[in-house]
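The report that follows is meant for a reader who is meeting this structure for the first time. It moves from unusual points of the backbone to charged pairs, and then to a contact between helices.

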Amino acid sequence: MACLVTRCRGTSSTGYPPLSKVVTAVLLVMLLVVSIASTSYSIYYLTLRGFSCSQHSEIARVMDAGTNKLDGPGVKESEAAKEVWRTCERLKLNPGAIPRKKDLQMLLYHTLYDDKRKVTFCYAAKVGCTNWKRVFAVLKSGNESHFKMPHMQLHLRANGFVRYLSDLPYEDAIIRLAQYRRVMFVRNPVTRLLGVYRDLLAPRPKNASSMFMMNLFLRDRMPNFVGRPLKPSDVNITLRSFLNIVLKVKNPHAMDEHWQPYVANCLPCSMRYDYVGKHEELPQSADSVLQGLGIHDVRFPRSEVDYKDKPIRVDSTAKRYKRVPSSMLQDVWAQYKTDMELFGYKTPTDLGTDGRTTTPEPDTLTEFLRAV
């Protein structure tokens, strides 16, 4: 009788295990299959993105929302940074998705770091990056004379005045990116493009330094432009010609770093930044983040001209764009549409011309135009 009871409890009347045990076993097998498939897909996905399997954990840490960062003084995630992340979600830009390895390597190339304060800073050209490099040079050396260092000397990486994540072994760079506070600053793309044009190509009295920069710029970016070095009399490159260069490349990840969109330069929809500041609010916004990081002995460099776009500068912006066809400007703004939406800038609708009332500007650098 005891044997019969035991049989009834442990098996069905046919001698097979109860149905519940069969279902449980099937579910366990299914979970195991799903787990293996998920792991295999992750490895396959990372391989497609250019990563090795051994880098999976490091990359996962970088994609973390920021809750596992090192203890110590640091800015709390700013409201602007939270809004950027929410906009990434609203625009369905795959927030937190693992970027391609070459895009992540480019991010490391544009990221400064400081081990003592445990902070990383992704810089973008023409967004106060020279002064930010001065700040990090002072943080590294403690020597405030770096605030007065010529910008050309500061930008030469070989001088070693600032630390770049790209200078580190890849795994060490990834660990810092995962654990340190992340900061980035942005600027209205409308004025940022003008900044690039004005500093590198705009017609103005040329000195030896500006001509050196222009020759270097054209040599590196215009393969068809070769020959003798330019003289000031050779050069009258219009804003319209420059915007033609900007429009040549549609993929933001392949664009020149001087005007590359922030969405590709700093990967704000892959990396969750702790602080996102605006160039227009400098220097107060920079001082705020430095204070939040516990850096009380260094202030962001002041400028004789306020960073904020004053009315006279707004008028200058409109004047610069006046001779550019509106249709071209619409194409340009389309390339920066995501940046404008992510960081709260409005797409301008009142710049440019319909092309019927304005005489085109002369452009004496015909070789340059042919290269474009």
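Leucine 267 sits in the loop between α12 (262-265) and β4, in what is a predicted model. The phi angle of leucine 267 is near 50°, a positive value in a residue other than glycine. With a relative accessible area of 4%, leucine 267 counts as buried, because buried means under 20%.

A positive phi is also found at lysine 118, where the angle is about 55° although the residue is not a glycine. Lysine 118 belongs to the loop between β1 (111-114) and β2 (119-122), and its relative accessible area of 32% makes lysine 118 partly exposed.

A further backbone feature concerns the peptide bond from leucine 282 to proline 283, which is cis, with omega near 0°. Proline 283 itself is placed in the loop between β4 (275-278) and α13.

**Salt bridges**

Side chains of opposite charge can pair when their charged atoms come close. How many salt bridges does the model contain? The count comes to seven salt bridges, and the table gives some of them.

| Acidic residue | Basic residue | N to O distance |
|---|---|---|
| Glutamate 79 | Lysine 82 | 3.5 Å |
| Aspartate 114 | Arginine 117 | 3.6 Å |
| Aspartate 287 | Arginine 299 | 3.9 Å |

Glutamate 79 and lysine 82 both lie in helix α4 (residues 79-90), where they are three residues apart, about one turn of the helix. The two partners are not alike in their surroundings: glutamate 79 is exposed, because its relative accessible area of 53% is over the 50% mark, whereas lysine 82, at 28% relative accessibility, counts as partly exposed.

Are the partners aspartate 114 and arginine 117 buried or exposed? In this salt bridge, whose closest N and O atoms are 3.6 Å apart, both aspartate 114 and arginine 117 are buried.

The side chains of aspartate 287 and arginine 299 meet at 3.9 Å, N to O. This pair links distant parts of the chain, since aspartate 287 is in helix α13 (residues 284-292) while arginine 299 is in the loop between α13 and α14 (311-321), twelve residues apart. Aspartate 287 is buried, with a relative accessible area of 15%, but its partner arginine 299 is exposed, with a relative accessible area of 52%.

**A contact between two helices**

Helix α9 (residues 189-200) and helix α11 (residues 239-248) have axes that come within 11 Å and cross at roughly 115°. Angles from 65 to 115 degrees count as roughly perpendicular, and therefore α9 is described as roughly perpendicular to α11. The crossing in which α9 passes α11 is right-handed.

Which residues make the contact between α9 and α11? On the side of α9 they are Leu193, Leu194, Val196 and Tyr197, and on the side of α11 they are Leu239, Phe242, Leu243 and Val246. Sorted by class, the contact of α9 with α11 has eight nonpolar residues, with no polar and no charged ones.

Methods: Residues numbered from 1 in each chain as written. Predicted model: local features only at pLDDT ≥ 70, side-chain atom pairs only at ≥ 80, totals over all residues. Heavy atoms only, no water. Salt bridge = Lys/Arg side-chain N within 4 Å of Asp/Glu carboxyl O. Helix = DSSP H or I, 4+ residues; strand = E, 2+ residues; numbered from the N terminus. Buried < 20%, exposed > 50% of the residue type's maximum accessible area, 1.4 Å probe, protein only. Axes fitted to C-alpha atoms, helices over the stretch in contact; angles between N-to-C directions. Parallel < 35°, antiparallel > 145°, perpendicular 65-115°, else oblique. Left-handed = near helix turned anticlockwise from the far one by under 90°. Contact = heavy atoms within 4.5 Å. Nonpolar A, V, L, I, M, F, W, Y, C, P; charged D, E, K, R; others polar.
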